[in-house]
Amino acid sequence: MHVILDALAMIGLSYVMGFLFYGFYRQFSARVQRRWGPSIWQNFFDNMKFLLKSETLSHGPMFFFGPMIIAAGAITTVLFVPFLKDSDWLQGFSHSGNLILIVYLLVVGPLGNALAVGSSGNPFGVMGVTRGLTRLMGLEVPFFLGLALVMLQHETTSVHAIMAAQDGIAQWNLFTNPIAFMVILLPFIASQNASPFDVVGAPVEVYAGPRVEFGGRLLGVLMTQNMMMTIAKLVLVVDLFMGGATNIFILIAKAFSLFLLTAAISLAFPRLKTEQTVDFFWKVPLGLGVLGVVATVWFPWGA
Amino acid sequence: MYHNNHCEGFQCEQRMLEASLGEEGGELGVLDRLVAWMRQRSLFVLAYGTGCGAIEMRPLMTSRFDAERFGIIGAATPRQADVLVISGYLAVKTLKRVIRSYEQMQEPKYVIALGSCAINGGMYWDSYNTIKQVDHYIPVDMYVTGCMPRPEALIEGFAALQEKIKRGEPGGFQRYRENIDWYKGNQRRVLGDNMPPDYTYDWYHAGGTA
Amino acid sequence: MSLIVKMLFLAVSLSPALTLLVWGDAVAWPLLGGIELTFDLNPVSGFFMLLLALGAPLVALPMLRGAHEGPAYGLYALLLLGMQLLLLAGDFIGFFVGWEIMTWSSYLLLLRSERSDLEGAQSYILFNLASAFLLLAGILGFYSLTGDFRIEALASAGPAEQLILAALFGGAFLIKVGTLPLHIWVPRAYDQAPDTFSAFLSALMSKMGIYGLVLLPTLFPQGLAGLLGSLLNGPAAGYILAWIGVITSIIATFKAISQEDMKRLLAYSSIAQVGYITTAIGVGSSLALGGALFQALVHTLVKLLLFITFAGIILQTGQRRFNDLGHLIDRMPIAFFAVLIGIIGLAGMPPLPGFAAKYLIFVALIDARWLLLLAAMLLSSTAAFIYCYKLIYAPFLGHANSPEAKAATEAPWPYLVPQVMLMGLLVLLGIFPGLAIELVIDPVLIGLGMAALGAPSPGELATAYGGYDGVVLMSVFGSAFMIVTGLFFLLRGRMRRAGSAYDLSFAGEVPTAETPLHYGAGMGRELRRIPLVDWILSRTTTRFQAGLTRQSLAASGLLGGLYRRDPQTWILLAVLLFAVALTLMLLAGGL
């Protein structure tokens with residue numbers, strides 16, 4: 001019973017946080033562009049509108065199951081990320097998982113959805129998937145290297161153990177291992193599908209993207225999982241670098257400040273092409289990561 | 001109608017249109033009203049930029065008029081869109097694409113016809129290859145008159161459409177579904193052999209539930 | 001008659017399983033000069049025997065279909081004999097004999113394919129002979145140092161001798177696993193071999209090289225660390241080996257992405273996957289070897305599954321290029337699921353055992369503090385997603401691109417039975433990674449004298465760095481999937497099936513059968529816009545190989561220069577020399 005309630009609470013919390021954060025992001029970017037922008041609930045309305053569409057086109061069973069796989073992947077990811085530390089609540093199944101598993105779970109869903117995109121038979125969709133996989137190839141290397149620096153620092157892959165090791169603000173990995181944070185920051189933004197690395201989805205203006213054939217309720221499912229996944233990733237970084245949180249309010253505050261940072265970076269830069277993205281990730285964050293490895297692993301004084 | 005002092009020009013026309021829309025919202029249940037409210041609050045627009053009206057869509061979406069504050073935002077593909085904006089005149093050639101795009105949208109879906117050309121041919125009233133009345137080929141939910149209407153007028157049109165959706169009135173898509181033979185007959189008259197393949201509308205004939 | 005032969009052949013293909021089950025004590029067979037041939041089944045060879053026992057009948061089953069091919073059956077039986085000999089051998093003589101039987105019988109099997117050309121066959125036999133000669137040199141060097149042929153730690157040897165021996169043995173085994181730059185025989189051979197036999201080549205024969213590499217640390221007193229000392233937390237010699245493996249896998253992955261032929265893609269992917277195993281062996285810790293063995297197990301299953309499935313597709317459609325297939329999902333659903341499971345295993349995605357293997361290797365690399373290797377390995381394992389997607393998209397999704405693809409049906413049952421069995425095994429291993437550790441991996445690690453990994457429960461994979469629970473993972477994912485699907489159907493509204501495959505959102509246009517809609521072979525081509533990828537793909541090892549050829553031609557020319565054209569002169573000279581030498585000896589010895 002506890003497990004089920006806990007799981008439902010995590011799913012609900014990540015969804016609510018998801019649309020509020022996205023609503024805030026749209027409001028924030030509107031203000032940056034000197035507009036009024038939509039209300040903070042706008043993403044909720046959009047999502048509900050799609051979930052309540054009366055017609056949904058399907059291109060066959062695989063096309064239908066793709067969004068289901070991606071949603072199941074998002075829920076699984078949410079349930080394997082511990083939301084709070086030193087608490088019985090909002091833990092999900094995180095004790096049965098670890099950091100590497102979570103990093104891989106983040107891509108299970110998108111790959112499942114890629115099958116659906118392929119089975120729709122629309123070449124534009126497949127182009128989008130290829131772009132996505134290419135970007136993934138670019139971002140995953142520095143992202144994982146940054147996380148590996150943290151795993152090496154604490155000699156564990158357990159998110160719980162890493163969280164527990166950061167007692168006070170001085171022990172936050174953000175401060176004890178700043179290089180790792182700098183290495184993962186930009187790939188993290190890319191993994192959130194945010195500007196300037198958002199050419200894959202390009203929500204409004206590019207015809208060719210993974211979602212080209214999705215409409216109606218299936219698109220609603222895709223939006224829902226996207227919001228939940230965003231929160232799962234934010235909470236993961238909060239757990240790893242900002243010492244986790246002991247209650248929901250601290251969690252929201254920390255996640256929000258991180259979100260603010262990434263949103264500010266996102267809004268300041270124009271979009272990169274896919275190959276520019278990959279090249280950038282392999283040069284700048286990865287280069288920084290290599291320097292970090294040399295400084296903290298190869299030379300004993302850094303450790 | 002045109003001789004009152006609390007409105008002028010297109011505003012009056014808009015009022016007239018809105019006034020004739022009927023007051024049927026009261027019959028809706030709580031759930032339906034909620035659904036209708038959600039729907040009107042979020043409209044994804046497929047801007048079909050064929051005519052000169054397309055130029056009015058850019059200021060509408062960008063910082064000055066900022067349609068996003070009403071939940072109106074562009075959509076990349078017809079599958080994701082709720083509203084098709086026909087911006088200006090339609091040639092026979094573009095009519096085919098408009099029909100195709102409209103049929104690919106997922107219900108509930110709405111059409112806004114922008115400018116006089118889309119209503120009655122406007123200045124192209126005697127042109128040999130311009131569609132005079134778009135309403136004969138796809139169902140139009142809201143007209144915005146003018147040549148060209150300014151973005152404010154367009155916003156008025158969207159607001160009126162939102163009102164209409166909120167009241168839960170039957171949208172044009174229902175008219176299209178019920179009178180599919182009439183619409184297809186009209187389309188066939190202009191397009192002739194150039195009609196889109198049967199599979200694009202067959203399901204309408206099968207009661208729309210195929 | 002032919003039925004009896006076929007049944008007999010199937011029985012022969014079960015022989016590795018039989019060996020594994022009923023093998024008793026060691027068998028020793030005295031040879032001349034006090035040297036004896038010993039055959040025994042130790043845990044390490046038992047593991048590889050298990051792979052052989054799993055794979056041999058599954059490959060034999062599709063081979064049985066169609067016309068009766070006596071010579072192929074015979075050669076296959078000989079090949080199995082050679083490999084069992086190799087695995088059972090307790091000394092280098094048996095090992096070498098098995099190695100040679102394996103090489104020659106597989107070469108002759110390869111020649112039986114109508115697709116094999118001179119170049120492919122020659123490169124296969126030349127590289128494998130080079131491997132055998134390196135092995136022979138290593139064995140003789142080993143014998144000269146120890147005076148014994150038994151496979152055991154080299155007790156008395158200086159560091160230089162050890163290094164030379166390690167290089168000889170390592171070179172031999174690395175050729176066999178197809179490491180860069182010695183890989184060019186692999187794609188050719190896998191591509192040209194008979195379709196089902198490719199499965200055997202990739203899944204099982206490449207594992208013999210891995211078996212050799214696993215033996216390598218046992219040959220040297222302190223393992224790989226004894227060779228060059230240690231670096232960070234791992235052996236320095238292993239660091240070199242690990243980089244060789246990782247660079248191989250990166251380059252092979254990008255090469256795989258750019259392939260347009262299904263079997264060539266699988267061949268390059270095989271090189272890349274075996275590269276991970278090489279890396280893990282280089283790390284050499286018990287975690288890493290556990291990961292290497294797990295990866296070997298998974299790779300065997302996955303490659304058997306994929307090669308057999310694609311053999312079925314080629315059989316049914318006659319097409320082998322990504323461009324010429326498409327939309328087989330409706331016509332070959334079982335093959336679709338087989339490839340789906342296969343690529344999930346190949347990509348190392350969580351619910352399936354590929355992830356357990358990757359997890360162990362990653363943790364081992366973190367444990368050894370070799371983070372740069374980790375990053376490089378991650379590059380190739382993420383880039384692998386692209387070719388995995390190509391592997392399932394191009395044949396099964398999208399639009400059918402040839403008349404054969406439009407009319408294909410599911411492959412015959414001898415192809416389907418292995419597919420279903422392998423799928424079941426992979427899913428089972430994915431849910432119970434701990435079971436595989438307990439039953440298969442740990443005995444080998446103990447046999448190698450290393451710490452066992454252990455597993456608290458069958459579903460759990462545990463390391464000192466933390467682990468995960470496959471049962472929980474699978475049930476959470478499964479129930480989430482079912483709940484989401486159920487909720488979806490609770491929502492109001494209709495689902496409508498598209499009226500035609502061409503009912504696509506195509507910018508207002510109506511695509512027709514003539515519109516090129518399949519993205520098969522083009523996928524991954526745009527990757528060349530990334531400078532690093534372009535740099536990798538625009539380089540080949542052909543120039544290296546050509547240089548090698550030139551050098552050896554020059555060397556043999558030099559040697560040949562010593563000989564005259566007319567043999568009589570030579571013989572006369574030799575006889576004279578012999579006579580003079582004899583005379584001198586007679587005079588000096590005084591008789």
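Domain bounds here come from an automatic or database domain assignment. On that basis, chain C of this predicted model splits into domain 1 (1–219), domain 2 (229–490) and domain 3 (542–589). Taken over C-alpha atoms, the centres of domain 1 and domain 2 of chain C sit 23 Å apart. As for confidence, chain C has an average pLDDT of 87, and 98% of its residues score at least 70. For the complex, the predictor reports an ipTM of 0.94 and a pTM of 0.90.

Next comes the meeting of the first two domains of chain C. Here 37 residues of domain 1 of chain C are in contact with 43 residues of domain 2 of chain C. On the domain 1 side, four helices of chain C each supply at least two residues: α3 (43–64), α7 (159–177), α8 (185–192) and α9 (195–219). The biggest share of that side belongs to α9(C), which puts in 14 residues. Sorted by class, the domain 1 side that touches domain 2 of chain C has 23 nonpolar, 10 polar and 4 charged residues.

Chain C also touches chain A. In this interface, 60 residues of chain C are in contact with 67 residues of chain A. A whole string of elements gives two or more residues to the chain C side: α15 (353–367), α16 (371–396), β6 (468–469), α20 (470–490), β7 (494–497) and α21 (531–538) of chain C. Of these, α16(C) gives the most to the side that touches chain A, with 13 residues. Nonpolar residues make up 45 of the chain C side, along with 8 polar and 7 charged ones.

The two chains are linked by strand pairing as well. Strand β1 (residues 55–58) of chain A is joined to β7(C) by 4 bridges, and the two strands run parallel. To pick out one spot along this pairing, A:L57 stands opposite C:R496 of β7(C).

Within chain A, two helices pack against each other. Helix α1 (residues 2–32) of chain A and α9(A) have axes 8 Å apart, and the packing angle is about 95 degrees. With angles from 65 to 115 degrees counted as roughly perpendicular, α1(A) is therefore roughly perpendicular to α9(A). From α1(A), the contact uses A:S14, A:Y15, A:M17, A:G18, A:F19, A:F21 and A:Y22, while α9(A) brings A:T224, A:M227, A:M228, A:T230, A:I231 and A:A232. That works out by class as 9 nonpolar and 4 polar residues, with no charged ones.

Chain A meets chain B too. This contact takes 30 residues from chain A and 20 residues from chain B. On the chain A side, α2 (42–51), β1 and α9 (216–241) of chain A each supply at least two residues. The top contributor there is α2(A), with 5 residues. The side of chain A that touches chain B includes 13 nonpolar, 8 polar and 9 charged residues.

Chain B has a sheet of its own. Its 5 strands form an open sheet, in the order β2-β1-β3-β5-β7, with parallel pairing. At the edges are β2 (72–74) and β7 (142–144) of chain B, each of which pairs on one side only. With direction ignored, neighbouring strands of the sheet are turned by 30 degrees against each other on average. Looking at one pair, strand β3 (residues 83–87) of chain B and strand β5 (residues 110–114) of chain B run parallel and are joined by 5 bridges. One partnership in this pair is that of B:V83 with B:Y110 of β5(B).

A helix packs on this sheet: α6 (residues 151–166) of chain B touches β1 (43–48), β2, β5 and β7 of chain B, and the direction of α6(B) makes about 165 degrees with that of β7(B). The α6(B) helix also meets another helix, α3 (residues 54–61) of chain B, with axes that come within 9 Å and cross at roughly 80 degrees. This means that α3(B) and α6(B) are roughly perpendicular to each other. In this contact, B:E56, B:P59 and B:L60 of α3(B) meet B:P151, B:L154 and B:I155 of α6(B). The class count is 5 nonpolar, no polar and 1 charged residues.

Definitions and conventions
Residues numbered from 1 in each chain as written. Chains lettered and ligands numbered in written order. Predicted model: local features only at pLDDT ≥ 70, side-chain atom pairs only at ≥ 80, totals over all residues. Contact = placed C-beta atoms within 7 Å. Nonpolar A, V, L, I, M, F, W, Y, C, P; charged D, E, K, R; others polar. Pairing = 2+ DSSP bridges. Axes fitted to C-alpha atoms, helices over the stretch in contact; angles between N-to-C directions. Parallel < 35°, antiparallel > 145°, perpendicular 65-115°, else oblique. pLDDT = per-residue confidence, 0-100.
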